Structure formats: structure tokens, C-alpha cells
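Thank you all for making time this morning. I would like to take you through one structure step by step, for those who have not seen it before.

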Amino acid sequence: MPLATPDTVVSDAYGPGFRSLSSEVHNRRPPVEGTIPDWLSGTLIRNGPGRFEVGDTRVNHWFDGLAMVRRYDFADGEFRYSNRFLRTGAYADAMDGRLTGQFGTDTRGWRRLLDTVRSLGLPEPTDNTNVHVVRIDGEYVALTEAPRRVAFDPETLETRGEFAFEDDLPEHSTAAHLVDDPAREEVVGFSTQFGRTPQYHLYRVPRGSRHRERIASVEANGPAYIHDCSVTTDHVIVVETPLVLSVLQALNPFSEGAMDMLQWDTDRETRILVVDRDTGELVADPTLDPAFCFHHVNAFVDDSEGGGPRDRPTASGDVVLDLVEFPDGSIVDAMSMAELDGDGFPAVPDARLVRYRVDPATNAVDRSVLYPGGMELPRVTREAIGGRHRYAYGQATDRDGANGLVKVDCETGTAREWWEQSVYVEEPVPVRHPDADSADDGVVLATALDVDRGQTLLLVFDAATLAVQARAFLPHAEPFGFHGRYFADL
Ligand SMILES: [Fe+2]
């Protein structure tokens with residue numbers, strides 16, 4: 001895959017969403033239309049790529065843009081905005097004119113990859129931590145899928161330096177998504193170890209610790225490229241899809257990055273790994289027809305009488321997992337810059353919100369579509385994590401010339417949508433009212449690129465009705481980001 005040059009990059013459909021940003025601002029107070037609720041007191045911190053080229057060279061993959069953290073702060077009905085690039089090794093290389101990537105861009109050539117894969121390792125991992133953020137042991141940490149982490153100041157967004165866990169958990173690749181479980185006061189994640197017997201290592205990090213405690217190690221098929229996981233009160237769940245990390249593929253001398261290690265293996269099924277969170281026992285591992293997913297919504301144990309469509313209550317209860325599912329792994333290639341720089345979003349199928357209902361007693365799984373519209377970047381409120389959620393919020397992806405916001409009632413299958421032409425809503429983050437008396441009492445925060453204005457908006461929606469309560473006009477267009485978290489107290 002040749003490197004694209006900057007004159008090939010501007011997408012008519014998305015405008016600045018995939019264009020580099022150079023400006024950094026601190027504690028700006030952008031103009032706001034509408035009213036930000038007085039009770040909303042906290043900070044949304046998001047992460048994502050902010051710069052896509054160095055000199056004449058452009059990254060091959062959206063996932064490879066330089067990490068830029070963004071801060072949206074709410075207090076006393078007022079709003080402040082900051083953005084700043086992480087000063088990582090990858091950033092320093094870029095400033096020196098060297099482009100180093102990891103996912104789809106390996107400018108150091110295939111030989112390094114070949115050498116390292118031969119020794120069953122991976123290329124030197126990047127510190128371009130542009131995917132997500134988490135708070136661990138009081139540190140605010142930027143994450144990616146390479147096993148490097150970068151700490152930053154949540155007020156100034158200044159880079160503090162590399163963050164290291166204080167353990168020796170093996171990891172060749174890792175999850176940028178960590179589940180923040182407020183009920184158990186721990187975050188849960190996993191790493192993948194390559195080798196003769198590849199394994200997924202599931203772990204927890206208790207609040208106040210930076211030591212990962214191993215919950216279980218599960219033998220991997222593939223191993224697969226896994227992006228996210230879920231917890232119930234009693235389980236950790238990962239979904240192993242047929243999108244595998246192929247070492248053979250990486251030995252191909254034309255390979256240019258980790259993306260070329262990804263291979264859709266038509267002989268495989270999708271396997272759901274349900275692990276007891278306390279004992280580490282693999283309590284179920286049913287398989288389904290092939291499907292791919294980046295993102296889980298949430299999971300819970302269904303203890304209700306006759307729960308589920310088969311009216312089949314069990315002693316321990318079904319394990320219910322909601323996620324957004326693609327029919328195959330073609331979405332990963334579709335995120336390459338060459339595709340995104342074309343005329344609009346590549347023609348790959350949208351993800352759909354589905355429910356997997358696993359019966360640990362029989363190792364059976366039932367799959368149903370909860371909402372037939374296109375949906376990605378799904379979220380539930382922090383309070384709902386691991387328990388029965390009623391509402392899932394996500395980006396509505398099946399409009400032409402816009403991405404909307406969708407709210408799905410997972411009990412009734414009904415949905416509400418908000419969208420405006422030429423406005424591209426990013427990941428919505430629901431924030432519950434502190435004295436909420438219903439599951440959707442609160443707001444949903446979402447950034448959205450207004451292509452016509454050439455400007456990103458911060459939208460505050462009523463979480464019940466999706467009415468826009470406030471719209472703040474940021475001082476520039478942010479390149480599309482990935483994920484963020486809302487912190488009620490920094
Ligand atoms: Fe993600």
C-alpha cells in the first residue's frame with residue numbers, strides 16, 4: 001500500500017474531519033447557544049488523532065494520526081475547552097520529519113517487522129496513544145492497542161510521561177478499552193500474548209493501584225484482533241472474531257504495518273468467552289456465525305423470571321451481552337486514509353446493535369437484533385455498567401451526509417434519533433443527573449463536526465428526549481476522535 005501524498009487527502013464529504021489540526025488552545029470559553037444545566041459539573045476528556053502528515057508523507061490509516069487530547073469542562077453552567085497534542089516519542093519523531101506509525105503505517109519498512117515477528121515479538125510498540133483515556137491510581141492515562149501508555153495532566157493536558165503498570169503481565173498487544181466498573185471500584189481489561197500458544201490475559205486494576213491482577217488466561221484461537229470487552233457483576237466477556245492477527249501475513253515482504261497482519265479467516269466462527277470474574281473459570285464459550293465487532297455496549301446477568309426470548313430461566317441466569325456487530329472485518333480496511341479520502345464513507349455495511357444471550361448451563365447462545373439501524377461508538381451511563389441497562393446511546397451511521405445520535409430502548413427495541421444535515425456526531429457520552437429518578441435523567445455530551453461551518457460543536461442533549469439543550473462552537477474543526485470519558489471530579 002503506497003503512502004498517500006497530501007494533495008490526495010482532502011475528503012469532500014468530511015472536510016476537516018480527516019485534516020490535520022495545528023492549533024492548540026487552553027481554557028477557551030467558546031460561544032454557547034442554549035443553556036448548559038447548572039448541575040453539570042465535571043470534565044469530558046476525549047482522545048483521537050489530530051495530525052495525519054509529516055512533510056510530504058501522510059499516514060495510511062486513520063488510527064495512526066498523532067494523539068491529541070481534548071478537554072470539555074463544565075462548571076456552574078459554563079463551558080471551557082482545551083486541546084493539546086501529547087508530546088510522545090511519535091510526536092517528537094514527527095517534529096523531526098519522521099513518521100512512525102503502528103496500525104497501518106510502518107515507515108521503517110518490512111524488514112524490522114520481519115525480524116521481530118520471526119522472534120515471535122511485534123515491532124517496537126508505538127507511544128502514539130490516541131485511542132482512549134482512563135484514570136488509574138490518580139493518573140490520567142492515554143491508551144492505544146500497543147502496550148505503551150502516556151500520562152497527562154487533566155487540567156492543562158500537558159504530557160507527564162510514560163505510565164507503567166507495576167506488574168509483569170505479558171502483553172504484545174492490549175486493549176485501549178478498559179471497563180471502568182464503579183460498583184466494584186476497579187477497571188477491567190485484557191492483553192494478548194503471541195507465541196506458540198497465544199493467550200488472552202484478563203485482568204483487573206483495583207482503585208488506588210497500578211498493579212494488574214490476573215483474572216484468567218484463556219487460550220486464543222488465532223489470536224484474534226479484539227478491541228473491547230465487557231463485565232457483568234460476575235463475569236468478564238470478550239468476543240473472539242474471525243479477524244485474526246496472522247503471523248504468516250506479516251512475513252509477507254510487502255507488509256507495511258500491523259494492519260497487514262489482520263486477516264478475515266472464513267473458516268472460523270465467532271467465539272464468546274465468558275469468564276467468571278472471581279474464580280477465572282471459563283464458564284461458557286459458545287460460537288456463532290462469523291461476525292466482527294469493535295465495540296461492546298454493556299453486559300449483565302439476567303435474573304428475571306423467564307428472561308429472554310426463549311422463556312428459559314436458569315439457576316445462575318443468562319449472561320446478556322449487547323454490542324454493535326459488523327457482518328465481517330471489512331470495516332478495518334475501510335478506515336484507511338485512501339478509502340476515507342474518497343467520496344464519502346466507504347461502502348461497507350453498518351454495524352447493528354445486537355444482543356447475545358448466553359446460557360452458561362448449556363453453553364448455548366441466542367442472537368437477536370435490538371435495533372436495525374446503523375450504529376457505532378455505543379455507550380451506556382457509567383452507573384449502568386455491569387448491570388441491566390435500559391438505554392444505549394450511539395452514533396447513528398446510516399444517514400447520507402451526516403452522522404446522527406441514536407438512543408435505543410433495549411427493552412422495547414424502540415429508538416429516538418437526532419440528526420442534522422452535514423453534522424457528524426462523534427461518540428456520545430451519557431451523563432446521569434446526580435439525583436436521577438429515571439434511567440435517562442441527565443444529558444448526553446457529544447462533539448460533532450459541522451462540515452458547512454468548518455467547525456466542531458460540543459452538543460449537550462437531554463438524555464430522555466435528545467432535544468439539544470446547548471451547543472458550543474469550538475474555535476476550530478477537530479479531526480474526528482475516537483473515545484472519551486466523563487470525570488465528575490478530576
Ligand atoms: Fe474503540
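I will begin with the model as a whole, then go through sheets, unusual backbone spots and buried residues, and finish with confidence.

What you see is a predicted model, in which local features need pLDDT of at least 70 and side-chain atom pairs count only at pLDDT 80 or more, while totals for chains, interfaces and linings use all residues. Residues are numbered from 1 along each chain as its sequence is written. The term pLDDT stands for the predictor's confidence in each residue, from 0 to 100.

The protein chain contains five helices and 37 strands, where helices (H or I, at least four residues) and strands (E, at least two) are DSSP runs numbered from the N terminus. Of its 490 residues, 52% are buried, and by buried I mean that 20 or more other C-beta atoms lie within 10 Å of the residue's own, with 12 or fewer counted as exposed, anything in between as partly exposed, and C-beta atoms placed from the backbone. If we take contacts between residues at least 6 apart in sequence, 60% of them join residues at least 24 apart; a contact here requires C-beta atoms, placed from the backbone, to lie within 7 Å.

Let me turn to the sheets, where two strands pair if DSSP finds at least two bridges between them. One open sheet has five strands in the order β1-β7-β6-β3-β37, with antiparallel pairing. Its edge strands are β1 (25-28) and β37 (484-487), each of which pairs on one side only. Neighbouring strands in this sheet are turned against each other by 15 degrees on average, direction ignored; such angles are taken between axes, which are lines fitted to C-alpha atoms (for helices over the stretch in contact), and run from 0 to 180 degrees between N-to-C directions. At the β1 edge, two bridges join β1 to strand β7 (residues 78-85) in the antiparallel sense, and Val-25 stands opposite Asn-83 in β7.

A further open sheet has four strands in the order β24-β25-β26-β27, and the pairing is again antiparallel. Why is one side of β24 and of β27 left without a neighbour in the sheet? Both β24 (296-302) and β27 (364-371) stand at the edges with a single partner strand each, so there is no neighbour on one side. From one strand to the next, the twist averages 20 degrees. Strand β26 (residues 352-359) pairs with β27 over seven bridges, and there Leu-353 stands opposite Tyr-371.

There is also a hairpin, made by β10 and β11 with six residues between them. Strand β10 (residues 149-152) and strand β11 (residues 159-163) run antiparallel and are joined by four bridges, with Val-150 opposite Glu-162.

That hairpin leads us to the unusual backbone spots. Most residues other than glycine have a negative phi, and most peptide bonds are trans. Leu-157, in the turn of the hairpin, has a positive phi of about 65 degrees, and Leu-157 counts as buried because it has 20 C-beta neighbours inside 10 Å. Leu-466, in the loop between β35 (455-462) and β36 (468-473), likewise has a positive phi, near 65 degrees, and is buried with 21 other C-beta atoms within 10 Å. The peptide bond from Gly-222 to Pro-223 is cis, with omega near -5 degrees, and Pro-223 is found in the loop between β16 (213-219) and β17 (230-231).

Which residues touch the most other members of the largest nonpolar core? In this core of 131 residues they are Leu-405 and Leu-445, a nonpolar core being a set of buried Ala, Val, Leu, Ile, Met, Phe, Trp, Tyr and Cys residues joined through C-beta atoms within 7 Å. Leaving aside residues up to four places away in sequence, Leu-445 touches Leu-44, Tyr-72, Val-429, Val-431, Val-460 and Tyr-486.

Finally, confidence. The average pLDDT of the protein chain is 87, and 84% of the residues score at least 70. Over residues 106-121, however, pLDDT stays under 50, although the model has 26 contacts beyond four places in sequence for them. Residues 251-256 also have a pLDDT below 50, with 15 contacts in the model beyond near neighbours in sequence. Where pLDDT is low, the predicted coordinates should not be read in detail.

Definitions and conventions:
Contact = placed C-beta atoms within 7 Å.
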